[in-house]
Amino acid sequence: KAVIGILALQGAFVEHETALRKISSQIKVCPLLVRTLDDLAKCDGLIVPGGESTTIALLANLAGLLQPLREFTKTKPVWGTCAGAILLAEAVENPKKGGQELLNGMTLTVARNGWGPQVDSFEAPLIVEGLQDPHNAFTGIFIRAPVITAINSSPDQPPMRVIARLPLGVVPKSASTPIDNEDDPRRIVAVQQGNHLLTTFHPELTKDGRFHEYFVRMCVVPFLSC
Ligand code: GLN
């Protein structure tokens, strides 16, 4: 059984645990809430949940987990959702005053709270490449979500594989300039780079377990360059 850790310091970690338990009848998975170094050492992969990225980083630092998490990220599968997506990035625009710590797992830049405050939360139907039944749209739930503003390619890193974009018809009203260009990076909402997965939305808040299944497969199938 793959042991999938969920960083359980703040945010929506229980919802991820529930989502993993729900799919455990189809795929062998053992969820583990991670709060200590010992917990982390048991994990085959790790989910960094949504919540508040600066708070999660602060608590990780207090628990002596920040550097170990960076080390873990260098070699093991990690999935960041929303705040977790910010933590997985290598650079953040609009960081908390005084700067914020990142895990630096994926070569992209995100703008924190880029779609505006909580009241500007929205949902969007997403066609996601690689999910089971891909034509059946996945409901993306965006809550104070980060916006991907740049994909920074790096020759020594695996390629960035975009697996979901916002449909052109669903452009949040908070977008600073119109999004009418197919290639606008702000449309990218789910992306995989090597054994890292990033979603700017919250799959754990839906009843649809396909993203969790996708990540568990990433953890059990040895990574082959995509
Ligand atoms: N805006 C939050 C942050 O900075 C993320 C919000 C979320 O995870 N729903 O971490």
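This is a selection-by-selection tour of a predicted model, from the ligand shell to the central strands of a sheet.

**Stop 1: the ligand shell**

Select the ligand and the residues around it: Gly50, Gly51, Glu52, Ser53, Cys82, Ala83, Ile86, Arg112, Asn113, Ile143 and Arg144. Coloured by residue class, this shell separates into 4 nonpolar, 4 polar and 3 charged residues.

Now reduce the selection to Gly51, Glu52, Ser53, Arg112, Ile143 and Arg144, which an unreviewed UniProt entry lists under the feature "binding site". These positions span 94 residues in sequence, but no two of their C-alpha atoms are more than 12.9 Å apart, so they gather at one spot.

**Stop 2: Ser53**

Keep Ser53, one of the positions in the UniProt feature, and show the helix that holds it. Ser53 belongs to helix α3, which covers residues 53-62. Is Ser53 buried or exposed? It counts as buried because 30 C-beta neighbours lie inside 10 Å, where the cut-off for buried is 20 or more.

Next add the contacts of Ser53. Leaving out residues up to four places away in sequence, Ser53 touches Ala83, Ile86, Leu87, Gln100 and Arg112. Of these, Ala83, Ile86 and Arg112 also appear in the ligand shell.

**Stop 3: Ile143**

Move to Ile143, in the loop that links β8 (138-142) and β9 (147-151). Ile143 has 19 C-beta neighbours inside 10 Å and therefore counts as partly exposed. Which residues does Ile143 touch, once those up to four places away in sequence are set aside? They are Cys82, Gln118, Ser121 and His202.

**Stop 4: two residues with positive phi**

Select Cys82, which is part of the ligand shell and a contact of Ile143. Cys82 sits in the loop between β4 (78-81) and α5 (83-88). Its phi is positive, about 55 degrees, although the residue is not a glycine. Most residues other than glycine have a negative phi. Cys82 is buried, since 29 other C-beta atoms lie within 10 Å.

For a second case, go to Asn94 in the loop between β5 (89-93) and β6 (106-111). Asn94 is not a glycine either, and has a positive phi of about 60 degrees. With 13 other C-beta atoms within 10 Å, Asn94 is partly exposed.

**Stop 5: the sheet**

Hide the ligand and show the strands. An open, mixed sheet of 7 strands runs in the order β2-β1-β3-β4-β12-β11-β10. Its edges are β2 (29-34) and β10 (160-165), each of which pairs on one side only. On average, neighbouring strands in this sheet are turned by 20 degrees against each other, direction ignored.

Add helix α1 (residues 13-23) to the view. Helix α1 lies across β1 (2-7), β2 and β3, at about 170 degrees to β2.

**Stop 6: β4 and its partners**

Select β4 with β3 (residues 45-48) and β12 (residues 196-199). Strands β3 and β4 run parallel and are joined by 3 bridges. Two residue pairs to display are Ile47 opposite Trp79 and Val48 opposite Gly80.

On the other pairing, β4 and β12 are also parallel, with 4 bridges between them. Here Trp79 has Leu197 as its bridge partner, and Gly80 stands opposite Leu198. Trp79 is thus shown opposite Ile47 in β3 and paired with Leu197 in β12.

In a regular strand the side chains alternate between the two faces of the sheet. In β4, Val78 and Gly80 point one way and Trp79 and Thr81 the other, and all of them are buried.

**Stop 7: β12 and the hairpin**

Which residues of β12 are on one side, and which are on the other? His196 and Leu198 are on one side, Leu197 and Thr199 on the other, and all are buried, with both faces of the strand covered.

Finish by adding β11 (residues 188-193), which pairs with β12 in the antiparallel sense over 4 bridges. Display Gln192, which stands opposite Leu197. The hairpin formed by β11 and β12 has 2 residues between its strands, and Gly194 there takes a positive phi near 60 degrees.

Note on methods
Residues numbered from 1 in each chain as written. Predicted model: local features only at pLDDT ≥ 70, side-chain atom pairs only at ≥ 80, totals over all residues. Near = placed C-beta within 6 Å. Nonpolar A, V, L, I, M, F, W, Y, C, P; charged D, E, K, R; others polar. UniProt positions renumbered as here; feature names shortened; annotations may be inferred. Buried ≥ 20, exposed ≤ 12 C-beta atoms within 10 Å, placed from the backbone. Contact = placed C-beta atoms within 7 Å. Pairing = 2+ DSSP bridges. Axes fitted to C-alpha atoms, helices over the stretch in contact; angles between N-to-C directions.
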